[in-house]
Structures are given as structure tokens and as C-alpha cells.
Amino acid sequence: MTTSLQFDSNTLRVILAEILESLTNCENALNLEDAKSKAGNDMLKVMQYVYPIVVSTQMDVIKKYGLPEGREGIIKFTRSVVAFEKDDRVVADLHRQIRSFYLPPVNVSSAVTSHV
């Protein structure tokens, strides 16, 4: 069964904020700290240890908003977020904060100015 849920910007803000809150609660924070310690600076290990904790936390939150559990729900949610983050700085910032748990910051401006 396929669900066709539509989210508005405010709902996405609420969901993203709830995901961030859940990621920083005591238990998840300890699990993430342990996983990051195991991974060190090895990106493959970050994807092996840290990323699953972040995705699992996201799944726990988004299912409360009617999205299906598992891969399908994460994909639908992420597509909605990406569609809104282009026009909504709050959604973009919340999404960036979540991604920062498993992705290093990327400095795009240095790549653009180096060709001038």
C-alpha cells in the first residue's frame, strides 16, 4: 500500500526539530558519541556506525507522522525536505544540523572562488 502524504513547511520544521531533539536526548547522544568514537575519521566507519543510528532515529519520529517505516518512509521524507529546503531556510538549517551528525561540513565557496 502506497501512501501519498503531503507535508507543508511548518510540519517539516516540527518533524525535523523533533528528530534533532531525539538525536540529542541522553540515550541517543551516548550511542552517537560511542559510534563516532569507533568510527574516528574513517568515513566508511561513520556510515557503518553513526549513520544507522541517525536513520533509525529519523524512522522512529517520521512514522508518528504517517510515513511508512523503513526505506520507503525515509525516502519520501527526505524528498519532501529537499523540495522545501530550497525555499525555506529554517528547513534547510534543521536538515543541515541532522546531516552534520554523519557528514563533515563542506565549504562550497572556496571551490567557486578558486576559479576566479
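**Exercise 1.** In this predicted model, find the partner that E69 meets in a salt bridge, and say how exposed each of the two residues is.

*Solution.* Start at E69: the salt bridge goes to K63, with the closest N and O atoms 3.9 Å apart. That gap passes the test, because a salt bridge needs the nitrogen within 4 Å of a carboxyl oxygen. Next, check the surroundings. E69 counts as exposed at 59% relative accessibility, while K63, at 37%, is partly exposed. Finally, look for further links: D60, K63 and E69 are joined in a network of salt bridges.

**Exercise 2.** Work out which parts of the chain the salt bridge between K64 and E18 ties together.

*Solution.* First, the contact itself: the closest N and O atoms of K64 and E18 are 2.6 Å apart. Now place the residues. K64 sits in the loop between α3 and α4 and E18 in helix α1 (residues 9–23), so this pair connects parts that are 46 residues apart in sequence. As for exposure, K64 is exposed at 56%, and E18 is partly exposed at 21%.

**Exercise 3.** Describe how helices α4 and α5 pack.

*Solution.* Two packed helices are described by the angle between their axes and the distance between the axes. Here, α4 (residues 71–85) and α5 (residues 89–99) make an angle of about 130°, and their axes are 8 Å apart. That makes α4 oblique to α5. Last comes the handedness: α4 passes α5 in a left-handed crossing. While you're at α4, spot E72 and K76, four residues apart in that helix, whose side chains meet in a salt bridge (3.3 Å, N to O).

Definitions and conventions
Residues are numbered from 1 along each chain as its sequence is written. This is a predicted model: local features need pLDDT of at least 70, side-chain atom pairs count only at pLDDT 80 or more; totals for chains, interfaces and linings use all residues. Side-chain values use heavy atoms; hydrogens and water are left out. Axes are lines fitted to C-alpha atoms, for helices over the stretch in contact, and angles run from 0 to 180 degrees between N-to-C directions. Helices (H or I, at least four residues) and strands (E, at least two) are DSSP runs, numbered from the N terminus. Angles under 35 degrees count as roughly parallel, over 145 as roughly antiparallel, 65 to 115 as roughly perpendicular and the rest as oblique. A crossing is left-handed if the near helix is turned anticlockwise from the far one by less than a right angle, and right-handed if clockwise. Buried means under 20% relative accessible area, exposed over 50%, partly exposed in between (1.4 Å probe, protein chains only).
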